[in-house]
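Biologist: Could we go through this model together? I should like to begin with a pocket and then turn to a single residue.

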Amino acid sequence: MNAIQTLQQYIDESRRIVFFGGAGVSTESGIKDFRGVDGLYHLKYKYNPETILSRSFFLSRPDEFFEFYQDKIVQPTLNAAPNIAHKTLAKLEAMGKLTAVVTQNIDGLHQMAGSKNVLELHGSIHRNYCMKCGQKYDLEPVKNADGIPKCQCGGTIRPEVVLYEEPLDETVITKTVQAISEADLLIVGGTSLTVYPAAGFLDFYNGNRLVVINLDNTSYDSKAALTINGKIGEVLGQITL
Ligand code: OAD
């Protein structure tokens, strides 16, 4: 059996699949990842993206934060559409075979593809709020802002995105741990698995069918029952549902 046939068999035999993914899931939708060959981390920029996307940088230099955030994070997502990986996962959930998509992505493409139970470990660009009065906003005021997006009350509107130095949401953590610990098949894809605590949630998997689909090698490859070095859309697109 080749790798795709093995993956097909795993999927056919599973009823509580969990998918755990990252930026590589959206590269086939035209959004750059962070650490891949064409990723944001290889840009020649004044600061390292991990510095810019940190709480202390956001608080001390909001103008520079929003310049980067608008340009490199928000704008590339505006015309992006879900690819076959997002769509296949949504279909698996609709078939009652997949219980959760756990994602480090903040682009909302899984929901756009139709996925319902999406656990967004790092938040979403689509949810925003005023830091002064708490008023909630969608992406509109942020994507249209020239500089720092401002609320009517004068406060700064910030994305509900988890920055470096900020904790993950407790409810999302609880749901993630529960979904992964109850999974019969865990498919991990499009993530370098280098950012914690997110990557550490894989350790809650109790089954023996861990599948890693990634262009580059990851530190979890040695624990996987199946590793596929390829594009996640191309791989999941070969699965018959
Ligand atoms: P990374 O950019 O670290 O990793 C993306 C991985 O996906 C790389 O290993 C690529 O080789 C792989 N890849 C790219 N395109 C692919 C494709 N079409 N099919 C399969 N694999 C592909 O992204 P994440 O692991 O998501 O956090 O990064 C984790 C976090 O680091 C992000 O959520 C973000 C970032 O800093 C915050 O901003 C808090």
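Modeller: The exchange below covers the second largest pocket and then Gly 21. This is a predicted model, in which local features need pLDDT of at least 70 and side-chain atom pairs count only at pLDDT 80 or more, while totals for chains, interfaces and linings use all residues. Residues are numbered from 1 along each chain as its sequence is written, and side-chain values use heavy atoms, with hydrogens and water left out.

Biologist: Which residues lie nearest the centre of the second largest pocket?

Modeller: They are Gly 123, Arg 127, Glu 160, Val 162 and Asp 169, among 17 lining residues. Lining residues have an atom within 4 Å of a point of the pocket, which is an open set of points on a 1 Å grid over the protein atoms alone where a 1.4 Å probe fits, with protein on both sides within 12 Å along at least five of seven lines.

Biologist: Which strand gives the largest share of that lining?

Modeller: S6 does, with four residues. Strands here are DSSP runs (E, at least two residues), numbered from the N terminus.

Biologist: And where does the pocket lie with respect to the domains?

Modeller: It lies between domain 1 (1-31 + 82-122 + 168-241) and domain 2 (32-79 + 127-161), because both give residues to its lining. The domain bounds come from an automatic or database domain assignment.

Biologist: Now Gly 21: buried or exposed?

Modeller: Gly 21, in strand S1 (residues 17-21), is buried, with a relative accessible area of 1%. Buried means under 20% (1.4 Å probe, protein chains only).

Biologist: How far is its C-alpha atom from that of Asn 105?

Modeller: The separation is 7.7 Å, although the two residues are 84 residues apart along the chain.

Notes
Buried < 20%, exposed > 50% of the residue type's maximum accessible area, 1.4 Å probe, protein only.
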